[in-house]
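Student: I'd like to zoom in on one part of this structure and really understand its surroundings. Could you pick a residue, take me through its neighbours, and then work outwards from there?

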Amino acid sequence: GIPGSELGSSCKSSIRHIIGCTHSIPIDSRLGLLCPGFRVAVISRDGNRLEKLKNFISPSTKDNLYTLVGDVGTEEGAETAKNNLLKSVGKVTDIVSSLGFSWWQGGPPHTQPLKELHRVLETLVLSTFTSWKAFFPLVKDSPSGTYTFITGGAGERLLMPGTGFLTLGAAATLAFCQVVREEYPEVPCKLNEVKVNTGVATPDRMGPGYINHLDLGEAVASLVEKRNSSHKVFSVNTPADLKTVILEGKA
């Protein structure tokens with residue numbers, strides 16, 4: 001952990017950066033509330049989602065949120081987004097990558113055109129690669145820097161009939177995260193993955209097999225803040241697993 005006095009001083013100049021906000025809106029909000037001085041920068045191609053995020057955060061912390069419309073799904077777009085971010089906010093200390101959609105059920109593979117498979121792969125794994133390629137250099141050489149991938153367990157099984165392309169894209173994303181951990185075993189920054197094997201819902205839509213989106217955000221924020229672990233996969237199967245991440249910061 002970081003002693004309170006050091007935390008207070010570091011907050012004033014630290015930027016937490018979240019790439020994408022398809023299903024990371026609660027994570028963005030929790031990171032922004034970690035301490036009053038932290039600022040959170042969120043990049044998304046969807047301006048409407050960014051407006052929703054602004055409305056989600058309390059007025060007292062809105063000054064700590066910076067939003068940027070940008071497409072990190074291409075190398076050029078990711079570089080442009082990075083440069084615009086640095087010009088606007090300066091140094092970035094922590095990156096949370098939560099990209100793509102959390103659901104796809106277009107039908108069995110034989111009913112799908114190749115174009116749709118390309119779209120799914122671009123949305124899930126290719127954008128994860130292009131954004132990582134642009135932003136990882138900002139934190140990789142810093143012992144106090146972090147890069148956290150948010151992934152899903154759909155890559156390990158077919159969730160239900162008609163979701164096969166989701167499995168393909170999610171599996172490729174899991175493999176990419178593994179490649180990054182094993183190709184860069186000695187980087188000073190804390191490099192981790194939070195793999196969510198459950199549904200994620202707002203409190204009013206909770207059901208069996210789901211976790212509260214605010215609890216997930218708190219767990220990721222805790223992992224980023226504590227900096228206790230690196231090159232680990234934190235699997236979330238139940239609400240109790242979130243408590244383990246929050247309290248112990250251990251895989």
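Tutor: Start at Thr163, which touches Trp103, Trp104, Gln105 and Leu158 once residues up to four places away in sequence are left out; touching, or contact, means heavy atoms within 4.5 Å. You're looking at a predicted model, where local features need pLDDT of at least 70 and side-chain atom pairs count only at pLDDT 80 or more, while totals for chains, interfaces and linings use all residues. Residues are numbered from 1 along each chain as its sequence is written, and side-chain values use heavy atoms, with hydrogens and water left out.

Thr163 sits in the loop between strand 5 (146-152) and helix 6 (164-183). Helices (H or I, at least four residues) and strands (E, at least two) are DSSP runs, numbered from the N terminus. With a relative accessible area of 0%, Thr163 counts as buried, since buried means under 20%, exposed over 50% and partly exposed in between (1.4 Å probe, protein chains only). Pro108 is 55 residues from Thr163 in sequence, yet their C-alpha atoms are 7.1 Å apart in space.

Now hop over to Trp104. This residue is in the loop between strand 4 (94-97) and helix 5. Its C-alpha is 5.8 Å from that of Thr163, although the two are 59 residues apart along the chain. Trp104 is buried because its relative accessible area is 6%. Skipping anything up to four places away in sequence, its contacts include Gly162, Thr163, Gly164, Phe165 and Leu166. Gln112, Glu116, Arg119 and Val120 are also among the residues that Trp104 touches.

Helix 5 (residues 114-139) has a partner too: its axis comes within 8 Å of that of helix 4 (residues 75-89), and the two cross at roughly 35°. The axes are lines fitted to C-alpha atoms over the stretch in contact, with angles running from 0 to 180 degrees between N-to-C directions. The crossing is right-handed, which means the near helix is turned clockwise from the far one by less than a right angle. On the helix 4 side you'll find Glu75, Ala78, Glu79, Ala81, Lys82, Leu85 and Leu86; they meet Thr130, Ser131, Lys133, Ala134, Phe135 and Leu138 of helix 5. That contact has seven nonpolar, two polar and four charged residues. Here Ala, Val, Leu, Ile, Met, Phe, Trp, Tyr, Cys and Pro count as nonpolar, Asp, Glu, Lys and Arg as charged, and the others, Gly among them, as polar.

Further along the chain, have a look at Ile211 in strand 8 (residues 210-212). Ile211 is buried because its relative accessible area is 1%. Neighbours within four places aside, the contacts of Ile211 include Val196, Met206, Leu216, Val236 and Leu242. Ala201, 10 residues away in sequence, is 6.3 Å from Ile211, C-alpha to C-alpha.

One of those contacts of Ile211, Leu216, is a buried residue of helix 7. Helix 7 (residues 213-226) also holds Ser222, which is buried at 10% relative accessible area. Beyond four places in sequence, Ser222 is in contact with Val245 and Ile246. Helix 7 is mostly covered, with 10 of its 14 residues buried. Its end C-alpha atoms are 20 Å apart, in agreement with the 20 Å expected at 1.5 Å a residue; that expected span is 1.5 Å times one less than the number of residues.

Right after helix 7 comes Arg227, with a positive phi near 55°. Most residues other than glycine have a negative phi, so this one is worth a second glance. Arg227 lies in the loop between helix 7 and strand 9 (232-236) and is buried, at 16% relative accessibility. His231 is in the loop between helix 7 and strand 9 as well, and its phi is also positive, near 55°. His231, however, is partly exposed because its relative accessible area is 22%.

Stepping back, the chain has eight helices and nine strands, and 49% of its 251 residues are buried. Of the contacts between residues at least 6 apart in sequence, 71% join residues at least 24 apart.
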